[in-house]
Amino acid sequence: MSSQLPSQTQAQLVQISTSEKLADSIITTKNESSALENRLNQNRVAIRAIKKQEEEKSWLLWGSTNQFFSFPKEGAVTILQKDQTFIEERKDEVRQKLKDEVEQLQKIRGEPLNSGFNLSGVHW
């Protein structure tokens, strides 16, 4: 069937297919970024709650095991802060991936890039 189509039509079909795959990937990447942001916020809330509590031990849900473990207050805060650092690094990676995918999509579509597209945030 594809051999019956003119080469220009085939090229357009490839371009459309490629841009659709990239668009799907962009949506997936945005969803991952949103999930990471939610996890980051949940960790912030947990850190604040642990710091405010009067008890010296805290219970944390550990990983994907769905088991609770008791930690000293400071140990729990340290674990959550390390998790915060990991999530922030992963979020930066996902943000860069998203920028790369959007740039590829705009190139495929022949659209110009926004002048401020490659700006990066300042981390304090």
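Let us start with one residue: E93 is partly exposed, with a relative accessible area of 47%. Here, buried means under 20% relative accessible area, exposed means over 50%, and partly exposed lies in between, with a 1.4 Å probe and protein chains only. The model is a predicted one, in which local features need pLDDT of at least 70 and side-chain atom pairs count only at pLDDT 80 or more, while totals for chains, interfaces and linings use all residues. Residues are numbered from 1 along each chain as its sequence is written, and side-chain values use heavy atoms, leaving out hydrogens and water.

E93 has a partner, R90, and their side chains meet in a salt bridge (3.2 Å, N to O). A salt bridge is counted when a side-chain nitrogen of Lys or Arg is within 4 Å of a carboxyl oxygen of Asp or Glu. R90 is partly exposed, with a relative accessible area of 28%. Because E93 and R90 are three residues apart in helix α2, about one helical turn separates them.

Now step back to the whole chain. It has two helices and two strands, and from the N terminus on the elements run α-β-β-α. These elements are DSSP runs numbered from the N terminus: helices are H or I with at least four residues, and strands are E with at least two. Of the 124 residues of the chain, 23% count as buried. The accessible surface of the chain comes to about 9500 Å², and 54% of that belongs to carbon and sulfur atoms. Such areas come from the Shrake-Rupley method with a 1.4 Å probe, and for residues only the protein chains shown count as cover.

Next, follow the two helices. Helix α1 (residues 7-52) has 46 residues, which should span 68 Å at 1.5 Å a residue, and its end C-alpha atoms are indeed 68 Å apart. The expected span of a helix is 1.5 Å times one less than its number of residues. Helix α2 has 37 residues and reaches 53 Å from its first C-alpha to its last, close to the 54 Å expected. After α2 comes G110, whose phi is positive, near 80°.

Which residues of α1 are buried? They are S19, L22, A23, I26, T29, L36, L40, N43, I47 and I50. Their cover includes β1 (57-62) and α2 (73-109). Take L22, which is found in helix α1 and is buried, with a relative accessible area of 12%. Leaving aside residues up to four places away in sequence, L22 touches E101, Q104, L105 and I108, where a contact means heavy atoms within 4.5 Å. L22 and I108 are 86 residues apart in sequence, and their C-alpha atoms are 9.7 Å apart in space. Across the chain, residues 24 or more positions apart account for 52% of the contacts with a separation of 6 or more.

Another buried residue of α1 is I47. With residues up to four places away in sequence again left out, I47 touches V77, L80, Q81 and Q84. I47 also belongs to the largest nonpolar core, whose seven residues are I47, I50, L60, F71, A76, V77 and L80. The elements that give two or more residues to this core are α1 and α2, and the largest share, three residues, comes from α2. A nonpolar core is a set of buried Ala, Val, Leu, Ile, Met, Phe, Trp, Tyr and Cys residues joined through side-chain atoms within 4.5 Å.

Back to the charged pairs: there are six salt bridges in the count. In one of them, the side chains of K91 and E37 meet at 2.9 Å, N to O. K91 lies in helix α2 and E37 in helix α1, so the pair ties together parts that are 54 residues apart in sequence. K91 counts as buried, at 12% relative accessibility, whereas E37 is partly exposed, with a relative accessible area of 28%.

Another salt bridge joins the side chains of K107 and E103 (3.5 Å, N to O). Both lie in helix α2, four residues apart, about one turn of the helix. K107 counts as exposed, at 58% relative accessibility, but E103 counts as buried, at 18%. Salt bridges that share partners also join E32, R90 and E93 into one network.

Finally, look at the surface. W59, L61 and F68 form a nonpolar patch there, with about 390 Å² of accessible area together. Patches are made of residues with over 30% relative accessible area and no salt bridge, joining like charges within 9 Å and nonpolar side chains (Val, Leu, Ile, Met, Phe, Trp, Tyr) within 5 Å. F68 lies in strand β2 (residues 67-72) and counts as exposed, at 54% relative accessibility.
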